[in-house]
Amino acid sequence: MSINILFLTYGICDYVLIATRRRHLLENEVLDIQSQKSHLKFLATRQGIFLDYSIIYLMY
């Protein structure tokens, strides 16, 4: 079960990276870098907490 979750996570991450490269989103400039970094840190933390709780829930 945990291996499936791991592969699913990597699959989603790979898809997001490929999609951003295809749409040239990595080449666009961001005007306010600090606010974007803090927003991304917040989203990553929230997603990590959700993933941890969902894995714990699925294990028990």
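A helix, as the word is used here, is a DSSP run of type H or I with at least four residues, and helices are numbered from the N terminus. The structure shown above is a predicted model. Helix H2, which covers residues 33-59, contains Met-59, while helix H1 covers residues 2-22.

**Helix H1 and what follows**
- Helix H1 is made up of 21 residues.
- From its first C-alpha to its last, helix H1 reaches 30 Å, which is close to the 30 Å expected at 1.5 Å a residue.
- Just after H1, the residue His-24 adopts a positive phi of about 60 degrees.

**Two residues of helix H1**
- Thr-20 belongs to helix H1, and Thr-20 is buried because its relative accessible area of 19% falls under the 20% cut-off.
- The side chain of Thr-20 also reaches the backbone oxygen of Leu-17, at 2.8 Å.
- Ile-12 likewise lies in helix H1, but Ile-12 counts as partly exposed because its relative accessibility is 47%, and partly exposed covers values between 20% and 50%.
- Ile-12 and Ala-44 are 32 residues apart along the chain, and their C-alpha atoms are separated by 14 Å.

**Met-59 and the surface patch**
- Met-59 is exposed because its relative accessible area of 60% is over the 50% cut-off.
- Met-59 helps to make a nonpolar surface patch of about 670 Å².
- The other residues that make this patch are Ile-49, Tyr-53, Ile-56 and Tyr-60.

Definitions and conventions
Residues are numbered from 1 along each chain as its sequence is written. This is a predicted model: local features need pLDDT of at least 70, side-chain atom pairs count only at pLDDT 80 or more; totals for chains, interfaces and linings use all residues. Side-chain values use heavy atoms; hydrogens and water are left out. Patches are made of residues with over 30% relative accessible area and no salt bridge: like charges are joined within 9 Å, nonpolar side chains (Val, Leu, Ile, Met, Phe, Trp, Tyr) within 5 Å. Accessible areas come from the Shrake-Rupley method with a 1.4 Å probe; for residues, only the protein chains shown count as cover. A salt bridge is a side-chain nitrogen of Lys or Arg within 4 Å of a carboxyl oxygen of Asp or Glu. Helices (H or I, at least four residues) and strands (E, at least two) are DSSP runs, numbered from the N terminus. Buried means under 20% relative accessible area, exposed over 50%, partly exposed in between (1.4 Å probe, protein chains only). The expected span of a helix is 1.5 Å times one less than its number of residues. A polar contact is a pair of N or O atoms within 3.5 Å; within protein, one must be able to donate a hydrogen and the other to accept it, and residues adjacent in sequence count only if both atoms are side-chain atoms.
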